[in-house]
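Subject: Structure handover

Hello,

Here is the structure I promised to pass on. Please open it alongside this note. My findings follow below.

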Amino acid sequence: MELQEARKAGLAPAEVDEDGKEINPHIPQYMSSAPWYLNAEGPSLKHQRKRKSAPNSNSWYDRGAKVGQADKYRKGACENCGAMTHTMKTCTERPRKLGAKWTSKYIAPDEKIETIEFDYAGKRDRWNGYDTASYAHDIGRFEARDEARAMYLKEQQLKKLEEKNNSKNADGDDKDSEDDLKVDEAKVDESEQMDFAKVDKRVRTTGGGSTGTVRNLRIREDTAKYLRNLDVNSAHYDPKTRSMREDPLPDVDPSEKFYAGDNQNRVSGQALEFKRLNIHAWEAFDKWNDVHMQAAPTQAELLNTNYTIDKEKCNSKAKEAVLEKYGNAATKEVLPRELLLGQSEREVEYDRAGRIIKDQVNFEKFNLYMYIFKDYSKDRFKSVVLQEMDIPKSRYEEDVYINNHTAVWGSWWKDHQWGCKCCKQFARNSYCTVAAETEAAAADLMKANIAICS
């Protein structure tokens, strides 16, 4: 005990095991003492260590190695070839008409079966067991295949170009045609490298998945977003996501813009429809409808479609009800006279029977009517004439015809232009040609009749 305490205090040298390694004196006895069945001769910590040999990560199975060959069939061996290392079900030799079990001839040698233990890195080494000598053979085979394919495509394109040149320049100079073929051959060589912008991407599988060919992010001839406006205070450019959400040139005419920011895509096209669909799903969920855009997108879209159809039907029914009750001023139907001329600034007095008593009328026209219709009663005819002449007046001149027109300017509308209805001209101060055309037509007709009679 005193020696053990001295070793712990560092006053005595530590104990040494069989391999000459020092044993830590602070290790408890139940760990340092070896079991009885190991028959340990002295103090040691070998029983605490892993007794397996260190695995070799570079080792691999000896392919095609044989260990021995028997002279006759052995019990438990393959019934087809006679080897002891496999059964008839897993035999890779050609099935015999009579197996080695019945003939005891041509016994196949036994395969070498090895058990290799790998460490953590060896189990996960994807290139473990790869034969590097076969790499050059595989690369040469691939290069020969690509070269043969390129030669075949080049021959096909040269044949097409040669036929095209022969058809166009059948009578041309041979030297010129050879130069053309040389230029075309150079074009063919350049066309082989047109897929430089393709990138292989692994998508949608558990282990990395099948490969799909996708284009690069942008064509290199396009102007980069951060070069459209070099002002440091312009729209922010995020180099990580390659996005510029704001408009880099807000003061430029929209018709001359080729790029208006990434936010432009969010408020146009299908993105806007998708946003409306999300908003409808949120509002429907707030009204206790079991709908979720991410969990059931088809259900949410169908619900939005049905809601839109029902809303349009309700709006159309309300519009029809309003038109049925109040009418539509945009239709071509002629409104009643009492509705069209029912309001004016003119003062009119009526009696108990509804007849007009006092009104501002043109008495000269009234006296003219009285002179023509002498047989009618004066009071009765006065009320009838006043009702017929009840035309509202305005502060502007009405029915003023100028330049021989029979209709006012503005009585004709066509192709978003106003004009006169009589001659259908759009110039406001133009001279009406209807009368001249009528006289010319009558003169031509008279000349034609005279010619026929004579």
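Where is the place of N80? It is in the loop between β3 (66-68) and α3 (100-103). Bear in mind throughout that this is a predicted model.

N80 is worth a look. Its relative accessible area is 6%, so N80 counts as buried; the cut-off for that is under 20%. The N80 side chain reaches the backbone oxygen of R94, at 3.3 Å. R94 is also among the residues that N80 touches beyond four places in sequence. The others are M88, C91, E93, P95, R96, G99 and A100.

Next, the nonpolar core. Which residues make up the largest one? There are six: L277, A281, A284, V291, M293 and A300. Helix α7 (residues 270-286) gives the most to this core, with three residues. A281 is in contact with V291 and M293, once neighbours within four places in sequence are left aside. As background, nonpolar side chains in soluble globular proteins tend to be buried together.

Now the rings. How many aromatic pairs does the count come to? Four. Two of them are described here.

- W36 and Y37 pair edge-to-face. Their centres are 5.8 Å apart, with 85 degrees between the planes. W36 and Y37 are both exposed.
- W127 and Y130 have ring centres 5.3 Å apart. Their planes are at 75 degrees, so this pair is edge-to-face too; the cut-off is over 60 degrees. W127 has 55% relative accessibility, so it counts as exposed. Y130 has a relative accessible area of 35%, so it is partly exposed.

One charge also sits over a ring. The charged end of R124 lies over the ring of Y120, 3.7 Å from the ring centre.

Last, helix α8 (residues 297-326). Why does its length agree with what should be expected? The helix has 30 residues, and at 1.5 Å a residue it should span 44 Å. The end C-alpha atoms of α8 are 43 Å apart, so the two values agree. G327 follows α8, and the phi of G327 is positive, near 85 degrees.

To recap the places to visit: N80 with its reach to R94, the core that includes A281 and M293, the R124 charge over Y120, and α8 with G327 after it.

Best wishes

Methods:
Residues numbered from 1 in each chain as written. Predicted model: local features only at pLDDT ≥ 70, side-chain atom pairs only at ≥ 80, totals over all residues. Heavy atoms only, no water. Core = buried A, V, L, I, M, F, W, Y, C linked by side-chain atoms within 4.5 Å. Buried < 20%, exposed > 50% of the residue type's maximum accessible area, 1.4 Å probe, protein only. Helix = DSSP H or I, 4+ residues; strand = E, 2+ residues; numbered from the N terminus. Contact = heavy atoms within 4.5 Å. Polar contact = N/O pair within 3.5 Å; in protein donor to acceptor, adjacent residues only side chain to side chain. Phe/Tyr/Trp six-rings, centres within 6.5 Å; stacked < 30°, edge-to-face > 60°. Lys NZ or Arg CZ within 6 Å of the ring centre and 35° of its normal. Expected span 1.5 Å × (residues − 1).
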